[in-house]
Structure formats: C-alpha cells, structure tokens
Amino acid sequence: MEEIQEHQSQSIGKDDEDEIVVEQAAGAHGDPLQHGDFPPKVDSAVEILQEKVTKQVVKEGHGQKPSKYATCFLHYRAWTESTQHKFEDTWHEQRPFEMVLGKEKKEMAGLAVGVSSMNAGERALLHVGWELGYGKEGSFSFPNVPPMADIIYEVELIGFDEVREGKARGDMTAEERIGAADRRKMDGNSLFKDEKLEEAMQQYEMAIAYLGDDFMFQLFGKYRDMALAVKNPCHLNMAACLIKLKRHEEAIAQCTIVLAEDENNAKALFRRGKARAELGQTDAAREDFLKARKHAPEDKAITRELRLLDEHDKAVYKKQKEIYKGIFGPPPQPKPKPANLLTRMWQWLTLICQWLLSLIYHLFKRERRKAD
C-alpha cells in the first residue's frame, strides 16, 4: 500500500488529498443518537422478517443489503424485553461490532437476521425471540441474560465488505487491514465532497474499525506509521463532518483521540478549537488555536479564528458593561407625587395655625411689656 503523507506546511484552511478541512459549520442532515438507557419509541410499520424476528426502521439507509458471508460493521444496544435491562452497548464502548453473516455466534442469530435485511446506514429496532437469542439457558457470564429472555436490539449497520468472502479482520495481514482502511477513507472523502456527510462518516468509521486499539497495539515502526497515516485523518475527517452537522461535542472527542497520539497535530487542535468555540468554550478554544499557531504560524485560518474570538470577547464585555452600568449606576431620583386636595387643605390649615400662634405670642409679649 502506498504510504499516505500529511504535509503540515499546507494551509489548514485548504483541502488536501488526505484530509477534508471545514471552514464553515454549515448545516446538514443527520441527528446524534439518543442516550439509549431504554429502547427508543418507534412509530414506523412492523416488518416480520422471520417468525421470531420483527423490525421497525428508525432511520433509512442507502445502497445494497449485505449478502451471506459479508463482513458487517455495526453498532447496537441490547435490552431484555421483559425487564428493559440493557446488557450491551457498543456505542458506549465506542467500538463497532464485526459480524460475518452466516458465521455469527448462535446467540447472535436473530441479530444477524435483522442485519441481513438492512441497508448501509440504516438504523432499526429489532424484536428477537429467545429461541434466536441466548436460548433456554440464558447467559450467566458476560453478558448476563436471563433464561428464555426475548431481546430488543437498536442496531445501526455502519457498512459492510463483500470482498474476501468470510474473512474477518482478525484473519487479515497488517497490509490487508491498512489497505482496506485506506480504501474506506478515500470512499469517505468522495462522499464528503458530495455533501453526503452521514455516508462519509460511515466509511470513516469502518476504516477506523479496521485499525482498532487491539490491532494498533501490535504494530511497530513502519507499519504503525502507515496505520496512523490512515487512522488519524479518518478521525479528523469525522470531526469535520460532525462540525458541519453541529455535533460539536462528538467532534471534540474525535480530535482528542488524534491528540492522544500526536499532541502537536495542528489540524486536530484547529478543529477542536472550532468545536469548542461553537460551544462557547472560548478560553479552551483560544488555548487550542494558540497552540496550533505555534506549529502552523503562517496559517490564515488560525489567525482568523483568533480574531473572531477577540471580537466575540469585546462584544461580550461591552454588553456586560451596559448591564452592570444599569445595576450599579446612580439610582434614579423619584419624581414628586402630586398632592391631592385633602393633603393641600391640611397643609394650609397647618400654616394658618402656625401663623395665629405666632401672632398671639407676639401680642402677649407686647402687652406684658406695657404692663411692666
């Protein structure tokens, strides 16, 4: 496989063959997954796949359905139907599940029936009878599933490979896995350029699935460099898609994965800074942009983002100043209230009484002096 090279001297604000770069967070279709503590409520029609398996579509997919022996990559959550107890969640583990249709484990038979009916990108709710799940005995290890437990699956088919019939990732050589991941990455780049962001992310996620942590741990030297040259751009391109979809927290997570391998990666710092700025985390965003500028000092996109942050801070300060001026400024002087008729009459009577008392007092003093 031809080794992929990143050119750090190129502007972060421009596309290159390896990575897709986003300047504007434009809106696009697609919603993040729900938290998933309980099965989602679905209103779509119920499709009977087999006597013990039914399906309801949560989100439509695209393209073809996988055939027998296709290697499928999927995320799923599983609950026991009677107690609604969740016993598996690959989304939470952030690790896609790999299944070769026709070679799945016995307890996955019902899940495989559902997956084989799905298009790439489709998300569905499956109801599976215990006969095609963990059976009469259940499972008392991991996962812990009671005997004769019907199962609910929320499953998303990320994508599948029809090539290399029945050959799982674990059976591939390092070159084969890196090559398969690189092909997925290039497919994702093409989809991104066509604004098919959800489909592009599926390709990137499938590429990353070929280069999981267990596989990367075994690589050294040239092979590790080759794998990272594919894996890191996939994470960064995922972040680019997520920023456009306004899923900024997920974009931050993708950039942080790259920074764990390469703490000075300017593109990861730039995109994480953009996502943080969109979330209002201006101090953290500025820290990312300043660090990115150290490694790409001539990049105009970083300079522009720092200028936007400064302008934002000035606008916030001005607004706060106006607010606090109203709070802590001199209190307004109360306007005198117009007196009513009774009040004015009382004031007049009081003045007259005071004048009469003063007059009587002066007359009394004058008469007393005459007497003396």
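Is Cys241 buried or exposed? In this predicted model, Cys241 comes out as buried, because its relative accessibility is 0% and the cut-off for buried is under 20%. Cys234 tells a matching story: its relative accessibility is 0%, so Cys234 counts as buried too. As for cysteines joined to one another, a disulfide is a covalent bond between the sulfur atoms of two cysteines. The count of disulfides here comes to zero.

Now for the strands. Strand 6 runs over residues 123–128, and five of its six residues are buried, which leaves the strand mostly covered. What does strand 6 pair with? One partner is strand 2, residues 53–59, and the two run antiparallel over six bridges. Looking at a single spot along that pairing, Val57 has Ala124 of strand 6 as its bridge partner. Another partner is strand 7, made of residues 151–161, which also pairs with strand 6 in the antiparallel sense, over six bridges. Here Arg123 stands opposite Glu156 of strand 7. As a bit of background, side chains in a regular strand alternate between the two faces of the sheet.

The chain between strand 6 and strand 7 has something to look at as well. Pro143 sits in the loop that links these two strands, and the peptide bond leading into Pro143 from Phe142 is cis, with omega near -5°.

Two other loops each hold a residue with a backbone angle worth a look. Glu195 is found in the loop between helix 3 (174–193) and helix 4 (197–210). Its phi is near 65°, a positive value in a residue that is not glycine. How covered is Glu195? Its relative accessible area is 42%, and since partly exposed runs between 20% and 50%, Glu195 belongs in that class. Further along, Lys246 lies in the loop between helix 6 (221–244) and helix 7 (248–261). Lys246 is not a glycine either, yet its phi is positive, at about 65°. With 48% relative accessibility, Lys246 counts as partly exposed.

Next come the gaps in the protein. Rolling a probe the size of a water molecule over the atoms shows where empty space is left. The second largest pocket holds about 450 Å³ of space. Its lining is made up of 21 residues, and those nearest the centre are Tyr76, Phe97, Glu98, Lys105 and Met108. Strand 4 (86–89), helix 1 (90–93) and strand 5 (97–100) are the elements that give two or more residues to this lining. Which of the elements gives the most? That is strand 5, with four residues. Sorted by class, the lining has 10 nonpolar residues, nine charged ones and two polar ones.

Finally, the UniProt record marks two stretches of the chain. Its unreviewed entry carries the annotation "repeat: TPR" over residues 266–299. In the model, that stretch is 79% helix and 0% strand, and its end C-alpha atoms are 10 Å apart. The unreviewed entry also has the annotation "transmembrane region", covering residues 345–364. How much of residues 345–364 is helix? The span is 100% helix and 0% strand, with its end C-alpha atoms 29 Å apart.

Terms used
Residues numbered from 1 in each chain as written. Predicted model: local features only at pLDDT ≥ 70, side-chain atom pairs only at ≥ 80, totals over all residues. Heavy atoms only, no water. Buried < 20%, exposed > 50% of the residue type's maximum accessible area, 1.4 Å probe, protein only. Pairing = 2+ DSSP bridges. 1 Å grid on protein atoms, 1.4 Å probe; cavity = no way out; pocket = protein on both sides within 12 Å on 5 of 7 lines; lining within 4 Å. Points joined across faces, edges and corners; volume = space filled by probe spheres on them. Nonpolar A, V, L, I, M, F, W, Y, C, P; charged D, E, K, R; others polar. UniProt positions renumbered as here; feature names shortened; annotations may be inferred. Disulfide = S-S within 2.5 Å.
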